[in-house]
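Visitor: I'd like to poke at the labels people put on a model like this one. Can you walk me through where they come from?

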Amino acid sequence: MTATIDFSGVFPAMCTPFDEDERIDFETLQADAQRLEAAGVDGLVPVGSTGESATLTHDEHVRVVEAVIEAVDDVPVIAGTGSNNTREALELSERAAEAGADALLLISPYYNKPEQRGLVDHYQTIADAVDLPQIVYNVPSRTGRNIEPDTAVELASHENIAGFKAASGDLGQIGEIAERTTDEEFAVLSGDDALTLPTISVGGTGTISVAANIEPERTCAMVGAALDGDYERAQQLHHELGPLFRHLFVETNPIPVKEAMEIRGYGPARMRSPLTRLSEEYRDDLEAVLAALENESWTAGSTDTSDEAAVEGDR
């Protein structure tokens with residue numbers, strides 16, 4: 001492997017902003033990348049599920065990766081390059097590498113539901129061909145197939161497979177993978193904001209986060225406290241962020257987070273079909289949660305919180 005990356009901390013799964021004609025708004029994309037870098041995140045993840053990769057062409061994938069790389073100064077860019085077609089995933093990975101990506105995030109093949117041996121072949125084929133650190137992404141709710149712990153452990157032995165994004169919701173499985181890869185240079189990252197703190201507690205190293213698009217500083221403070229062993233502070237921040245975690249998944253990601261981005265003034269809520277705008281029934285509660293977070297007094301290094309602002313609204 002030509003380079004190593006410290007996959008510890010917070011890596012926002014970036015949104016892809018669109019203009020009124022559903023073209024990529026590169027100016028807003030780059031401004032957002034700079035906002036997140038300035039907030040102290042540890043890396044950026046464009047063109048993943050949150051970046052609506054399923055509705056981008058291959059050329060658009062590459063252009064988004066290039067634009068984010070151009071925008072930032074000193075954080076790694078982890079490009080989403082997964083596909084349910086190994087050849088297609090390999091092509092996207094090679095092109096992202098040529099564009100200057102620092103690492104790759106590869107969702108497991110979806111819809112065609114390969115057996116575990118097929119998953120191993122898929123990931124090893126790409127890892128053999130592309131000399132970049134690669135993160136295996138397990139999200140069975142989207143793919144229809146779980147990456148079993150034995151498979152994850154086998155993949156961890158490959159020098160280019162450097163991490164595992166865990167979005168199965170199964171903390172027992174996540175802990176087992178962390179336990180069995182302790183002797184490898186292998187990071188286990190939460191792919192579910194509500195389970196980031198529990199994931200770190202069983203050996204995880206951080207999060208590829210949707211919520212960090214909206215609350216990057218607070219998410220970094222939570223993860224940093226947990227990694228430092230300050231679980232009292234981490235738990236406090238987890239509870240502050242809890243309503244946001246819930247409201248960002250009332251509908252399919254990234255529908256709610258793009259609505260939250262627009263409410264905060266970070267980017268448009270426009271989606272590419274077949275995804276649609278957030279239902280009106282959820283918008284008022286989302287606005288209330290965002291307002292409460294803005295009004296709540298907190299500092300990254302303090303254990304004191306204000307009880308003047310209570311988070312309103314729930315799922």
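Visitor: What makes helix H11 "mostly covered"?

Guide: Keep in mind that this is a predicted model. Helix H11 spans residues 255-264, and eight of its 10 residues are buried. Those eight are Ile255, Pro256, Val257, Lys258, Glu259, Ala260, Met261 and Arg264.

Visitor: Which helices do the buried residues of H11 pack against?

Guide: They pack against helix H1 (26-38), helix H10 (231-247) and helix H12 (280-295). Right after H11 comes glycine 265, with a positive phi of about 85 degrees.

Visitor: And the loops on either side of H11, what is in them?

Guide: Two cis peptide bonds, for a start. Asparagine 253 and proline 254 are joined by one, with omega about 10 degrees, and proline 254 sits in the loop between H10 and H11. Serine 273 and proline 274 are joined by another, with omega about 20 degrees; proline 274 belongs to the loop between H11 and H12.

Visitor: Why is serine 190 called buried?

Guide: Its relative accessibility is 0%, and buried means under 20%, so serine 190 qualifies. This serine lies in strand S6 (residues 187-190). Setting aside residues up to four places away in sequence, serine 190 touches Ala166, Leu195, Thr196, Thr199, Gly206, Thr207 and Ile208.

Visitor: Why is glutamate 22 called partly exposed?

Guide: The value for glutamate 22 is 35% relative accessibility. Buried is under 20% and exposed is over 50%, with partly exposed in between, so glutamate 22 counts as partly exposed. You'll find glutamate 22 in the loop between strand S1 (9-12) and H1. Its phi is positive, about 65 degrees, although glutamate 22 is not a glycine.

Visitor: Is glutamate 52 buried or exposed?

Guide: Buried: glutamate 52 has 5% relative accessibility, and the cut-off is under 20%. Glutamate 52 is in the loop between H1 and H2, and its phi is near 55 degrees, a positive value in a residue other than glycine.

Visitor: What makes a group of residues a nonpolar core, and which residues have the most contacts inside the largest nonpolar core?

Guide: The members have to be buried and joined through side-chain atoms within 4.5 Å. The largest nonpolar core has 78 residues, and those with the most contacts inside it are Leu44, Val68, Phe164, Leu244 and Leu248. Take leucine 44: leaving aside neighbours within four places in sequence, its contacts are Pro12, Met14, Ala33, Leu36, Val68, Val72, Val75, Pro76, Val77 and Ile78. Apart from the largest core lies another, of 16 residues, including Ala13, Ile78, Ala103 and Ala187. As general background, nonpolar side chains tend to be buried together in soluble globular proteins.

Visitor: How many cavities of 30 Å³ or more does a search of the whole structure find?

Guide: Two. The largest cavity has a volume of about 50 Å³, and its lining is Cys15, Pro17, Thr28, Asp32, Lys258, Met261, Tyr266, Gly267 and Pro268. H1 and H11 are the elements that give two or more residues to that lining.

Visitor: What about the second largest cavity, which residues line it?

Guide: Val47, His61, Val62, Val65, Gly80, Thr81, Leu92 and Ala96. The second largest cavity has a volume of about 30 Å³. H2 supplies the largest share of its lining, three residues. By class that lining has five nonpolar, three polar and no charged residues.

Visitor: What makes something a pocket here instead of a cavity?

Guide: A probe in a cavity cannot get out, while a pocket is an open set of points. The largest pocket holds about 510 Å³ of space. Among its 27 lining residues, the closest to the centre are Ser49, Ser53, Ala54, Tyr110 and Arg142. Strand S3 (103-107) is one of the elements supplying at least two lining residues, and S3 gives the most, with three. The class split for the largest pocket is 12 nonpolar, 12 polar and three charged.

Visitor: And which residues are closest to the centre of the second largest pocket?

Guide: The second largest pocket has a volume of about 330 Å³. Of its 20 lining residues, Tyr137, Val139, Ala167, Gly191 and Phe249 are the closest to the centre. The lining divides into nine nonpolar, eight polar and three charged residues.

Conventions:
Residues numbered from 1 in each chain as written. Predicted model: local features only at pLDDT ≥ 70, side-chain atom pairs only at ≥ 80, totals over all residues. Heavy atoms only, no water. Buried < 20%, exposed > 50% of the residue type's maximum accessible area, 1.4 Å probe, protein only. Helix = DSSP H or I, 4+ residues; strand = E, 2+ residues; numbered from the N terminus. Contact = heavy atoms within 4.5 Å. 1 Å grid on protein atoms, 1.4 Å probe; cavity = no way out; pocket = protein on both sides within 12 Å on 5 of 7 lines; lining within 4 Å. Points joined across faces, edges and corners; volume = space filled by probe spheres on them. Nonpolar A, V, L, I, M, F, W, Y, C, P; charged D, E, K, R; others polar.
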